[in-house]
Amino acid sequence: MGHPSIYPTGTTIYQKEKANSGYTVFPSAKGALLIDMNGNEVNLWAGLSGFPNKILPGGHVLGSTGIRTGERAYQDQLDLVQVDWDGNVVWQFNRSELVADEGKEPTYQARQHHDYQREGSAVGYYSPFEQPLVDKGNTLLLIHENVKNPQISDKLLLDDKIIEVTWDGEIVWQWRASDHFDAFGFDETAKNVLFRDPSVKKQAGGDWLHINSMSTLGPNKWYDEGDERFHPDNIIFDSRQANILAIISKQTGDIVWRVGPDFNENEATRKLGWMIGVHHLHMIPKGLPGEGDLLIFDNGGAAGYGATNPASTYGINHALRDYSRVIQFNPITLEMTWQYTPAEAGYQMMADGSRFYSPYVSAAQRLPNGNTLITEGSDGRLIEVTPDHEIVWEYINPYFSKVGKGEQGFTLNMVYRAYRVPYDWIPQLEKPEEVAIEPIDVSTFRVPGAAVGHGGQKVTYIEGVTPKTNMVTGWDSESEDENAADFCMVSFKD
């Protein structure tokens, strides 16, 4: 099924008795946007970019005041700032590196990308059992750094680095991904492909890992049971380009837990299935349903380094899947404990499985009532689903931006990552009146001026043909025959 060119935006579904209500923050084309469950825009921090945006208790928001531009720039933010409800900057960090781009005056920049974490919140979203955020606490930032490492490639690398900075801007801890190349599990074929083409982004360098999420584990049952790999201070991350999920020891910097890049590695990883182009890996915080399990948006699309195949003639982006999954799994056994895929969304894999498909960006957040907020980012769609996969809230980002120039340009309403926070985190506002929004019956919904199509038309009956028969497959859609669905699928296959 193709996507329509005309469709509603804003909140389209809201079952308030089943949803975990609160405010939702996300980066839009206009700035950091905070909405209520009915889609009312309660604050827009205009022009504040978000990679991502996060709300702190008290109504402060985190984001960036600008983005680096030019041939040597790739997704670098100029700074990371904390802004109060009225737009006043109360904290700023921009001194990761003195950047001297051609034709520009050297400036200090953060080069932050994809994630950051304020001390006191394990993953950046609400858990009733988390310790409160530390006032003027330290901040972890995921940043870029250009390095040369001939063990990886003879080309300039756009390396991923994690730093910890104090409120006063002092860097007190750092970890560089390229220093741990041997711990990432690349086989010889992958190493050869990576050496030749580490995902080079023009003059910016080879974005060889493209780490896009990073957070501390926080208090968890695995560490309480004595497993040192899951120390609350250890840092979990994922690599979108290399299909790697891993945990860093904060104390030693070593990789102490890893899944991927080869998901044929053993029976457990084969059963879990290939993770491709992933985003937002994190441990579900203590006190929330599913605590201790890992939650990830497994995008699909194309990623990884490996043997050539019909989809990858020289081994880069060698793994391919044309639908997305949200996966929850046990980090010890790798047993899957919950998922949301096109099948759970009610789609037929062969016919319309790609309707739940975001090959880039995206996220998932576990909510206190057991629901999951899913950012299906490439189409600007946010949904809240129950453990039984029912959609109880849906919002379509109404703000589009133009990307590219001329005929090659396109518009998109992409959302990188959204977060739901409780109402009491925003003391500046009274709790909003919640109005239920029932799903529209799309079979009868029409735009103004369009024909209704039900009743009044001429109907011509054919002798010997039952009107309710499906004319494509011959399957009676009201039949209780348990073989009817199989017949329908065979018809589609044929």
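**Strand pairs, rings and cores**

Modeller: In this predicted model, strand β6 (residues 60–64) is joined to β7 by 3 bridges, and the two strands run antiparallel.

Biologist: What makes β6 and β7 a strand pair?

Modeller: Pairing takes at least two bridges. There are 3 between β6 and β7, so they pair. In one of the matches, leucine 62 stands opposite glutamine 82 in β7.

Biologist: How do you know that β7 and strand β8 (residues 89–93) pair, and in which sense?

Modeller: With at least two bridges needed, the 4 bridges between β7 and β8 meet the rule, so they pair, in the antiparallel sense. Here valine 81 stands opposite glutamine 92 in β8. The hairpin of β7 and β8 has 5 residues between the strands, and glycine 87 in that hairpin takes a positive phi near 95°.

Biologist: Where do the side chains of β7 point?

Modeller: In strand β7 (residues 80–83), Leu80 and Gln82 point one way while Val81 and Val83 point the other way, and all are buried.

Biologist: What is the strand order in the open sheet?

Modeller: The order is β5-β6-β7-β8, 4 strands with antiparallel pairing. β5 and β6 are joined over 4 bridges, and lysine 54 has leucine 62 in β6 as its bridge partner.

Biologist: What makes β5 (49–56) and β8 edge strands?

Modeller: Each of the two pairs on one side only. Neighbouring strands of this sheet are turned by 15° against each other on average, direction ignored.

Biologist: On to the rings. How many aromatic pairs does a search of the whole structure find?

Modeller: The search finds 16 aromatic pairs. In one of them, phenylalanine 184 and phenylalanine 237 have ring centres 6.5 Å apart and planes at 85°.

Biologist: Why is the pair of phenylalanine 184 and phenylalanine 237 called edge-to-face?

Modeller: Planes over 60 degrees apart count as edge-to-face; theirs are at 85°, so the name fits. The pair links distant parts of the chain, with phenylalanine 184 in the loop between β14 (171–176) and α1 (188–196) and phenylalanine 237 in strand β16 (residues 235–239), 53 residues apart. Both phenylalanines are buried.

Biologist: What makes the pair of phenylalanine 297 and phenylalanine 356 tilted?

Modeller: Their planes are 55° apart. That is neither under 30 degrees, which would be stacked, nor over 60, so the pair is tilted. The centres lie 6.0 Å apart. Phenylalanine 297 belongs to strand β20 (residues 294–298), and phenylalanine 356 to the loop between α4 (349–352) and β25 (363–366), 59 residues apart.

Biologist: How do you know whether phenylalanine 297 is buried or exposed?

Modeller: Buried means under 20% relative accessible area. Phenylalanine 297 has 0%, so it counts as buried. Phenylalanine 356 is also at 0% and therefore buried.

Biologist: What makes you say that a charge sits over the ring of tyrosine 108?

Modeller: The charged end of arginine 95 is 3.7 Å from the ring centre, and the distance limit is 6 Å. Arginine 118 sits likewise over the ring of tryptophan 91, 5.0 Å from its centre.

Biologist: Last topic: which residues have the most contacts inside the largest nonpolar core?

Modeller: They are Trp45, Ile55 and Val326, in a core of 45 residues. Strand β3 (residues 31–35) gives the largest share of this core, 4 residues. Beyond its neighbours within four places in sequence, valine 326 is in contact with residues including Phe297, Trp338 and Phe356. A second, separate core has 28 residues, among them Leu140 and Ile248.

Definitions and conventions: Residues are numbered from 1 along each chain as its sequence is written. This is a predicted model: local features need pLDDT of at least 70, side-chain atom pairs count only at pLDDT 80 or more; totals for chains, interfaces and linings use all residues. Side-chain values use heavy atoms; hydrogens and water are left out. Buried means under 20% relative accessible area, exposed over 50%, partly exposed in between (1.4 Å probe, protein chains only). A charge sits over a ring if NZ of Lys or CZ of Arg is within 6 Å of the ring centre and within 35 degrees of the ring normal. Axes are lines fitted to C-alpha atoms, for helices over the stretch in contact, and angles run from 0 to 180 degrees between N-to-C directions. A nonpolar core is a set of buried Ala, Val, Leu, Ile, Met, Phe, Trp, Tyr and Cys residues joined through side-chain atoms within 4.5 Å. Contact means heavy atoms within 4.5 Å.
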